[in-house]
Amino acid sequence: MKITIQPKKLVDAHIHLFNARYLPLKAIIKKVFVLKPLAGPLAKLLNAITDDFDMDNIAGESANFTEHTPKTEVIEWLVKRTHTKLLEETGESFIEENLRNSNLFEALIELAKQRRVEQTGGNSFSADDFLDKNSSEVSLVGENKAVILINQMFESSFNEDIEWSFSKLGSEESEKELQKYIGHEHIPVLTFLALMLSNEAKIYEQAINGYGNLKPHLLAHYMMDMKASYKKGKPYYDFHPTQSSNMMEIVKASNSKLVGFTAFNPKNENAIQSVKKGLDMGNVGVKFYPPMGYLPYGDPNSKVRKRVSDFFKICKEDEIPVFTHCTPVGFQAKKGYGLNSDPDYWQKLLEQPSYENLRICFGHAGGGDPNVKGHDFHGWYSDEEQWASEECYARKVVELCERYPNVYCEVAHLHKIMESEAHKNQFIENLVINFSNENATFKLKDKICFGTDWHMIGIVNAQKKYYELFLEIFQVGELKNSIDDFFANNFLRYLNMNDSNLTS
């Protein structure tokens, strides 16, 4: 289709900049029974090979994979990265103590032990014996002795240990189970983790350059406070101060091109104080993520319910924007927690006295058609009958946008419209129908926003394609009259911001 009209500005309403060190990796990997013995060492290794936060150094190698990249290629890259990182940790002036104190070396020794336990039943493998054996087999002289020793260790054991470990993590059985917790069917978990190893500043640099020649006017990034939702392994970085300060440093260096949302998790007993701290740091809103195991209204846990109530009172009084995940799946702390995102819960909240003006944006706008046992979800890909069903989160989101003055939505990660003409056409049909609703108090065309969900795996290397696809969609009929609102103005209204707010 010929592009005849372009938006004046591009605002991406939904990106992420966190990496593996922000995730409770051990707890997530432990969800798979066969991986339990490997969960600790694998988490330690992944954290160790993740780049340190550094605003001034974004030159390191990043994974450049898609969901279609062969697993063997991903594993080969992970082996090479681990080798390089261990050399960097040890340093040019080799001191054996540096190696013994290395978290990465410790993780590799633990993985080597686990491989031998599984394959031979023996557990006598030790770091001391391994070092002594490899040291005796090479000539440790001159300035290259660290390189020589580490190369020898990889050739004698570590290459096979890493390949074995990641092959188990990326096996069909493991992937099928882990996909239930990261919220995307058919997403290769191993590839997802490889993409999460870059320096946060580099992830941001990739984000702003991901739309081709078009430079975004504004990006909004979202944090997640996950620790309280996972009991068997916390993130490497604490939410405060490390995660928050890293993200805010990127925001402050962005020249007003990036705004941040701190996170609320009412399972955290200090949730209110945490939110206030995040807002005081300069974040413009708060991420509310029900798949972490809580509800926006009527949570069965009285302590959680009280914290949620206190949170929304603050948001109401101070007009703080709340951004919430809204698909039937998601990054779930437990299976089924994605269903906590049902817009019906938000309807009950908004019906409460004086809460009708809450400023809320529904991420993913209700989503698409995930496969959830016992349910029949179709979302934005629904036909007329499916759209009317109680299972249609997309319809429910649209109705909330049409009923309440400050309720918005955004369309990130509806990746099937990039893969299927049928899905794309059904999405367009539902969009056009709802844009034309003359009975709505507030019009969807004034509420729906563009977003990508960078750098989740379905969008990596596809930001430009996703933008151009929506650009094409908004050449259709009456949709073209809303192109500036969809790509920028609606989200700025949701933020209650204008350009002077951003530059002040």
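This briefing describes selected features of the structure, grouped by topic. The model is a predicted one. A search of the whole structure finds 39 aromatic pairs, and the count of salt bridges comes to 26. The points below also cover a surface patch of negative charge, a cis peptide bond between His240 and Pro241, and a positive phi at Asn255.

**Salt bridges**

- Side chains of opposite charge can pair when their charged atoms come close.
- In the whole structure, 26 salt bridges are counted.
- One of these joins Glu110 to Lys44, with 3.1 Å from N to O. The contact links distant parts of the chain, since Glu110 belongs to helix 5 (residues 103-120) and Lys44 to helix 2 (residues 36-48), 66 residues apart.
- Glu110 has a relative accessible area of 24% and is therefore partly exposed. Lys44 is also partly exposed, because its relative accessible area is 24%.
- Arg115 of helix 5 and Glu160 of helix 7 (residues 145-169) are 45 residues apart in the chain, and their side chains meet in a salt bridge of 3.5 Å, N to O.
- The two partners in this bridge can be described separately: Glu160 is partly exposed because its relative accessibility is 47%, whereas Arg115 is buried because its value is 10%, under the 20% limit for a buried residue.
- Glu118 and Lys168 form a further salt bridge, in which the closest N and O atoms are 3.3 Å apart. This pair again links distant parts of the chain, with Glu118 in helix 5 and Lys168 in helix 7, 50 residues apart.
- Glu118, at 48% relative accessibility, counts as partly exposed. Lys168 has a relative accessible area of 18%, so this lysine is buried.
- Asp51, Arg81, Lys85 and Glu88 are connected to one another in a network of salt bridges.

**Negative surface patch**

- Asp383, Glu384, Glu385 and Glu429 come together on the surface as a patch of negative charge.
- Within this group, Glu429 is located in helix 18 (residues 421-435).
- The relative accessibility of Glu429 is 42%, so this residue counts as partly exposed.

**Aromatic pairs**

- A pair of aromatic rings is described by the distance of the centres and the angle of the planes.
- Across the whole structure, the search gives 39 aromatic pairs.
- Among them, Phe18 and Tyr22 have ring centres 6.4 Å apart and planes at 35°, so their pair is tilted. Phe18 and Tyr22 are both buried.
- Phe288 and Phe311 make a stacked pair, with 6.0 Å between the centres and 25° between the planes. The stacked pair links distant parts of the chain: Phe288 lies in strand 4 (residues 285-288) and Phe311 in helix 13 (residues 302-318), 23 residues apart.
- Phe288 counts as buried because its relative accessibility is 0%, and Phe311 is buried because its relative accessible area is 1%.
- A cluster is formed through ring pairs that link Trp380, Trp387, Phe427, Phe435, Phe450, Tyr466, Tyr467, Phe470, Phe474, Phe486 and Phe487.

**Backbone geometry**

- Most residues other than glycine have a negative phi, and most peptide bonds are trans.
- His240 and Pro241 are joined by a cis peptide bond with an omega of about 5°. Pro241 is placed in helix 11 (residues 239-252).
- Trp454 and His455 are also joined by a cis peptide bond, with omega at about 0°. His455 is found in the loop between strand 8 (448-449) and helix 19 (463-473).
- Asn255 is not a glycine, yet its phi is positive, at about 60°. This asparagine is in the loop between helix 11 and strand 3 (258-264).
- Asn255 counts as exposed, because its relative accessibility is 64%.
- His413 likewise has a positive phi, near 60°, in a residue other than glycine. The loop that holds His413 runs between strand 7 (407-410) and helix 17 (416-419).
- His413 has a relative accessible area of 6% and is therefore buried.

Terms used: Residues are numbered from 1 along each chain as its sequence is written. This is a predicted model: local features need pLDDT of at least 70, side-chain atom pairs count only at pLDDT 80 or more; totals for chains, interfaces and linings use all residues. Side-chain values use heavy atoms; hydrogens and water are left out. Patches are made of residues with over 30% relative accessible area and no salt bridge: like charges are joined within 9 Å, nonpolar side chains (Val, Leu, Ile, Met, Phe, Trp, Tyr) within 5 Å. Accessible areas come from the Shrake-Rupley method with a 1.4 Å probe; for residues, only the protein chains shown count as cover. A salt bridge is a side-chain nitrogen of Lys or Arg within 4 Å of a carboxyl oxygen of Asp or Glu. Lys and Arg count as positive and Asp and Glu as negative; His and the chain ends are not counted. The place of a charge is taken as NZ of Lys, CZ of Arg, CG of Asp or CD of Glu. Helices (H or I, at least four residues) and strands (E, at least two) are DSSP runs, numbered from the N terminus. Buried means under 20% relative accessible area, exposed over 50%, partly exposed in between (1.4 Å probe, protein chains only). Rings of Phe, Tyr and Trp (its six-membered ring) pair if their centres lie within 6.5 Å; planes under 30 degrees apart count as stacked, over 60 as edge-to-face and the rest as tilted.
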